[in-house]
Amino acid sequence: MKALVTGATSGIGKCIAKELNSRGWELILTGRNQKVLDELKAEFGEGTEVINADLSDKKAVFGVYEFCKGKNVDMLVNNAGYGIFGRFDKTDLDDEVNMINVNVVALHILTKLFLRDFKKKDRGIILNVASVAGFMTGPLLSSYYASKNYVLRLSTAIYEELRRDRSNVSITVLCPGPVDTNFNNRAGVSFSVKPMSPKYIAEYAVNRALSHKLFAVPGLAIKMSAFASRFAPERLLAALVYNVQKAKEKTADKTSETVSE
């Protein structure tokens, strides 16, 4: 079995790669940090390939797909993504467009291309990494929340199409809450609840994906938050999220900050 993992050089993506490797999967890993890619290739050994790619560049996204063609990929893990903290009128437009290209456009392209291949052979697994933010609106992280809403809704729509087709291809969407990665440090924010281990989240996500479950929402508190968000009035939810995000801010004079998952 072989999996492509994007954003594999840190955080959840790196832990998912390690989890799959421990289960005997061969891997194709992408990321922008060549040094870490080489370290992972050396650690995992034979059967591991790496490709350095900036997924904000659409040509690079298609390059990753071409690199994988003919290699009998069985699982696609769309993990690459990041967020930008700050008021929407203050954040940098170019940074936001690049973020949308990674979080939305790259994920969309790879999901479509691999889904077509998987359907032809009537097997394959797609694991899209969203966030509990995908269930909500997110003042002060507006573009990030919006991008994760896209990932969540796209994945659930594809799930229903596959179900109607009685396809053996499956899609899972991972929606974690706060994760113990460099996200909060780079954003200049602190979490009000204890972040979860990316290792635990990776193991949970892989188990859900291999079981062909649609949702992977780790942690009871996060499950309850996702469930409750469906019933809260939108304006009230936006106000609550604003207060939560504002309380995380460490530096009062910050207007824009890039944060990775």
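Leu4 and Phe114 touch the most other members of the largest nonpolar core, a set of 49 residues. The model is predicted. Several elements give two or more residues to this core: α3, β5 (82-85), α4, α5 (142-164), β7 (169-174) and α8 (220-229). Helix α4 supplies the largest share, 10 residues.

Leu4 has a long contact list. Residues up to four places away in sequence are not counted. The remaining contacts are Ile28, Thr30, Val64, Cys68, Val73, Met75, Leu76, Val77 and Phe114. The list thus joins Leu4 to Phe114 directly, and these are the two residues that touch the most other core members.

A second core stands separate from this one and holds 31 residues. Among its members are Cys15, Leu27, Leu29 and Ala209.

**Aromatic pairs**

The count of aromatic pairs comes to 5. One of them brings together Tyr65 and Phe114. Their ring centres are 5.3 Å apart and their planes meet at 85 degrees, so the geometry is edge-to-face; the cut-off for that class is over 60 degrees. This pair links distant parts of the chain. Tyr65 belongs to helix α3 (residues 58-68), Phe114 to helix α4 (residues 93-121), and 49 residues separate them.

Phe114 also pairs with Phe118. Here the rings are tilted, with 6.0 Å from centre to centre and 50 degrees between the planes. Phe114 and Phe118 are 4 residues apart in helix α4, so about one helical turn separates them. Ring pairs thereby link Tyr65, Phe114 and Phe118 into a cluster.

How buried are the residues of this cluster? Each has a relative accessible area under the 20% cut-off. The table gives the values, with Pro198 added.

| Residue | Relative accessible area | State |
|---|---|---|
| Tyr65 | 10% | buried |
| Phe114 | 2% | buried |
| Phe118 | 1% | buried |
| Pro198 | 13% | buried |

Another ring takes part in a contact with a charge. The charged end of Lys71 sits over the ring of Phe67, 3.6 Å from the ring centre.

Pro198 lies in helix α7 (residues 198-210). In sequence, Pro198 and Ile16 are 182 residues apart. In space, their C-alpha atoms are separated by 8.5 Å.

**Strand β2 and its partners**

Strand β2 (residues 26-31) is mostly covered, with 5 of its 6 residues buried. Strand β1 (residues 2-5) runs parallel to β2, and 4 bridges join them. Ala3 has Leu27 of β2 as its bridge partner. Between these strands the chain passes through helix α1 (residues 11-22), and the β-α-β crossover is right-handed.

On to the next pairing. β2 and strand β3 (residues 48-52) are also parallel, with 5 bridges. Gly31 is opposite Asn52 of β3. Helix α2 (residues 34-44) completes a right-handed β-α-β unit with β2 and β3.

Leu27 of β2 ties two parts of this account together. Leu27 is the bridge partner of Ala3, and Leu27 is also one of the residues in the second core.

**Strand β6 and its partners**

What encloses strand β6 (residues 124-129)? Its burial is 6 of 6 residues, so the strand is largely enclosed by the rest of the structure. In a regular strand the side chains alternate between the two faces of the sheet. Both faces of β6 are covered. Gly124, Ile126 and Asn128 are buried on one side. Ile125, Leu127 and Val129 are buried on the other.

Strand β4 (residues 75-78) is joined to β6 by 4 bridges, and the two run parallel. Val77 stands opposite Leu127 of β6. Val77 is also among the contacts of Leu4.

Which strand pairs with β6 over 6 bridges? It is β7, again in the parallel sense. Ile126 has Ile171 of β7 as its bridge partner. With α5 between them in the list, β6 and β7 form a right-handed β-α-β unit. Both α5 and β7 are among the elements that give two or more residues to the largest core.

How values were computed:
Residues are numbered from 1 along each chain as its sequence is written. This is a predicted model: local features need pLDDT of at least 70, side-chain atom pairs count only at pLDDT 80 or more; totals for chains, interfaces and linings use all residues. Side-chain values use heavy atoms; hydrogens and water are left out. Buried means under 20% relative accessible area, exposed over 50%, partly exposed in between (1.4 Å probe, protein chains only). Two strands pair if DSSP finds at least two bridges between them. A crossover is right-handed if, with the strands pointing away from the viewer, the path from the first strand over the helix to the second runs clockwise. Rings of Phe, Tyr and Trp (its six-membered ring) pair if their centres lie within 6.5 Å; planes under 30 degrees apart count as stacked, over 60 as edge-to-face and the rest as tilted. A charge sits over a ring if NZ of Lys or CZ of Arg is within 6 Å of the ring centre and within 35 degrees of the ring normal. A nonpolar core is a set of buried Ala, Val, Leu, Ile, Met, Phe, Trp, Tyr and Cys residues joined through side-chain atoms within 4.5 Å. Contact means heavy atoms within 4.5 Å.
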